[in-house]
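Me: Please take a close look at one part of this model, the sheet with the helices that pack on it, and follow the salt bridges that start from there. A plain, connected account will do.

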Amino acid sequence: MRALLLTVGSQGDVQPFVALGARLQAAGHQAVLAAPAAYRGLAAAHDVPFVPLELDLGQLGAALAGRHGLRHLVAFCRALGRQAAAVLPGATAAAAPGADLVVHHPVLPLGQHLAEHLGVPAAVALPLPAWVPTGQFGSAAWPVPVPRWLARPSYRAARLLAGAWCRADIDRWRRDVLALPPRPGRHDPLRSAVGAPVTVLHAVSAHVVPPPADWPPTALVTGYWTLPAAPGWSPPARLAAFLEAGEPVIYLGFGSMPGPDPRLLAAALSHAGARAVVASPSPELRRLLPAGRFLVIRNAPHDWLFPRVQAVVHHGGAGTTGAAVAAGRPQVIWPFGIDQHFWARRMTSLGVAPPARPVRALTGRTLAGALEQALGDADMSARARALGGLVRAEDGCGAAVACLERITAAPRPAVPA
């Protein structure tokens, strides 16, 4: 099998696809990953062939600055959609050698068009339950709780919003580059060119999001697609030394979201009697945070780092949430928007995180209080450890590969002329 993997977004959207590509290759298949150019090094570290997509992550981040809740979601979809035209040439180049299957993240809905062009099946893959409707809960893409009677409509709304700013560009690309005719339903990634439902792989644990009873059999929960540290990676000496010395250590990182005021962090950790490893690319933080209590790093593999800290403070991104769950650590979540609110509510309902508050409510006092609960609640720590053990026993990538093998082995229905 030659699989074309296509994704855009933050590292939480890309890293699971790197893990899947590496597992496909380990199983004797071929895989090529098309993703934003910034993640070339991540793919190379795991020997996954890579085609860059010209997505300006800095421009995407700037569009989200100062926006929360629904404004954050709309700003993200608009900024991503407006960059679609720049992404299309890379997607076309990735498909040029051919493939037996296209596996794609639907947040920028291109994969179904490439699969139609190649005459091969497509599978949707995403790290959150945001596209396949259920009456049990609203789409994880919505940053606000959705009443039960609006649960199903929220999924259609999420799909429409994801492609709202790029449909004209995609239609021109279909016509002029892929030589595909217009057809009803062409922008729905959940339907194939013949109108059949496509397989949707959710790269999350069933212990975290049990599959809803009203999902179709094509919607699967595989387990997390975890990516171990790259071969040969070892921690910097200063990181290893910091973790081994002194008071309890927490992890603090907000992914691609803007971090809180350093003075707030210093006050909260001093009050909680803890130290922190802070993941941030900002050189300013190294200057502003007291060195004895904080160690600022650019990044470190979560599967290595999180089991070595006492709690994980983060923004609620799907990738960071999954890594904290797998590590068996209590969490403190301060969501900004999109799916972060869903994961914050889910972790609270599982009893592994205090109730989340919007990031606008983040103060030294509120952060210190949440930290004290996460570090001092023995029952919460026990629940986190138990959940981590269940999640680590799963093989999400293995389940996904087995599913993709079944898809490519199945007879393909003819596309109507």
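Reply: What follows describes the sheet, then its helices, then the salt bridges. The model is a predicted one.

The sheet is open and has seven strands, paired in parallel and arranged in the order β3-β2-β1-β4-β5-β6-β7. The edges are taken by β3 (50-53) and β7 (219-221); each has a single partner strand, so one side of each is left without a neighbour in the sheet. On average, neighbouring strands are turned by 20° against each other, direction ignored. At the β7 edge, the partner is β6 (residues 199-202), and the two strands pair in the parallel sense over three bridges. There, His 202 stands opposite Val 221 in β7.

Two helices that pack on the sheet can be placed by the strands they touch. Helix α5 (residues 84-95) touches β1 (2-6), β2 (30-36) and β3, and its direction makes about 160° with that of β3. Helix α6 (residues 111-118) touches β1, β4 (101-104) and β5 (122-126), with its direction at about 175° to that of β4. Strand β1 is thus touched by α5 and also by α6.

Helix α6 leads to the salt bridges, of which a search of the whole structure finds eight. In one of them, Glu 116 is paired with Arg 183, the closest N and O atoms being 3.1 Å apart. Glu 116 belongs to helix α6, while Arg 183 lies in the loop between α8 (167-176) and β6; the pair links distant parts of the chain, 67 residues apart. Buried means under 20% relative accessible area. Arg 183, at 14%, is therefore buried, and Glu 116 counts as buried at 17%.

The loop between α8 and β6 also holds Asp 188, which is 29 residues from Arg 159 in helix α7 (residues 151-162). These two residues form a salt bridge in which the closest N and O atoms are 3.9 Å apart. Arg 159 is buried, with a relative accessible area of 18%, whereas Asp 188 is partly exposed at 23%. Glu 116 and Arg 183 are also joined with Arg 174 into one network by salt bridges that share partners.

A further salt bridge lies between Asp 395 and Arg 23, with 3.1 Å between the closest N and O atoms. Asp 395 is in the loop between α16 (378-392) and α17 (396-409) and Arg 23 is in helix α1 (residues 11-26), so the pair ties together parts that are 372 residues apart in sequence. Asp 395 counts as partly exposed at 40% relative accessibility, and Arg 23 is partly exposed at 31%.

Definitions and conventions:
Residues are numbered from 1 along each chain as its sequence is written. This is a predicted model: local features need pLDDT of at least 70, side-chain atom pairs count only at pLDDT 80 or more; totals for chains, interfaces and linings use all residues. Side-chain values use heavy atoms; hydrogens and water are left out. Two strands pair if DSSP finds at least two bridges between them. Helices (H or I, at least four residues) and strands (E, at least two) are DSSP runs, numbered from the N terminus. Axes are lines fitted to C-alpha atoms, for helices over the stretch in contact, and angles run from 0 to 180 degrees between N-to-C directions. Contact means heavy atoms within 4.5 Å. A salt bridge is a side-chain nitrogen of Lys or Arg within 4 Å of a carboxyl oxygen of Asp or Glu. Buried means under 20% relative accessible area, exposed over 50%, partly exposed in between (1.4 Å probe, protein chains only).
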